[in-house]
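Subject: Structure handover

Hello,

Here is the structure I said I would pass on. Please look it over when you have time; my notes come after it.

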Amino acid sequence: MKTSELEAGWFPAGLQNYVLPKTAGRVMIFDNDIALWRGEDGKIRAWENRCPHRGMRLSYGIVRGNTLTCLYHGWTYDGAGACAGIPAHPELTPPKTIRAKAYRAADSGGFIWVANPDETTEAPSIEGDWVPNRSVHIDLAPTSLNELIKGMDAELALKITDRAAVVRVPGVTGEILLAFLNMKEHGAMIHTSIPASASVDAAIAVSKLTGRLRQIFKASSAA
Ligand code: FES
């Protein structure tokens, strides 16, 4: 599978705290299987979830420092994706052609964003101090962010991109930052963040609302 199969633009791949420093995780964006990981430098990285050696999922890998080591035969990759060591051949300097395939990746608004390696735009720049709240998968997907907001009966405060917006929802104090990934026949992923200054009660209210989105959409599409 090529890493250039995403559409143009940036996609919300998950909540920022889904992958903490020195850990790795896995996400699917459409049919693209992606390994996310952070070294001790905290920088988010998104790679094709396939070791260049024998195809083991790199999301099972072990993070040491700012390197990722494949679980299978221990090939190690540096933060830029270049193979930095092959345990079975410790004397060998790995050829430069052995590289993990890297997407672009960034943190913004409490979310992890991923784009094609050749994406020319910068990741969404989201003002303010946001903290991750909750993710939910919706089987019956809204087809657009606008439809999502309408279904929530929310007021759009500031549309940031076609995949993320700040919304206000009746009955919920304060603003919610909402990121939307339409996976078409695979449904949709909705991720929410809240202002870092939000109260615990507001965080609980947003979390409950996010959890109810499945029912909200079932009801709005049946109406
Ligand atoms: S499959 Fe990754 S090191 Fe062999």
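The notes below cover the domains, the nonpolar core and one sheet. Please keep in mind that this is a predicted model.

Domains. The domain assignment splits the chain into domain 1 (10-115) and domain 2 (130-222). Their centres, taken over C-alpha atoms, are 29 Å apart. In the contact between them, 11 residues belong to domain 1 and 12 residues to domain 2. On the domain 1 side, strand β1 (residues 10-15) contributes the most, with 4 residues. That side of domain 1 consists of 6 nonpolar and 5 polar residues, with no charged ones.

Core. The largest nonpolar core has 59 residues, and the members that touch the most others are A13, L36, W113 and V114. Strand β14 (residues 175-182) supplies the largest share of this core, 6 residues. Because domain 1 (10-115) and domain 2 (130-222) both give residues to the core, it lies between them. Leaving aside residues up to four places away in sequence, L36 touches A13, V19, A24, G25, V27, I44, A46 and I112.

Sheet. There is an open sheet of 4 strands in the order β5-β6-β7-β8, and the pairing is antiparallel. Its edges are β5 (62-64) and β8 (83-85), each of which pairs on one side only. Further in, strand β6 (residues 67-69) pairs with strand β7 (residues 76-77) over 2 bridges, in the antiparallel sense. T69 has T76 in β7 as its bridge partner.

Regards

Key. Residues numbered from 1 in each chain as written. Predicted model: local features only at pLDDT ≥ 70, side-chain atom pairs only at ≥ 80, totals over all residues. Core = buried A, V, L, I, M, F, W, Y, C linked by C-beta atoms within 7 Å. Buried ≥ 20, exposed ≤ 12 C-beta atoms within 10 Å, placed from the backbone. Domains from an automatic or database assignment. Contact = placed C-beta atoms within 7 Å. Pairing = 2+ DSSP bridges. Nonpolar A, V, L, I, M, F, W, Y, C, P; charged D, E, K, R; others polar.
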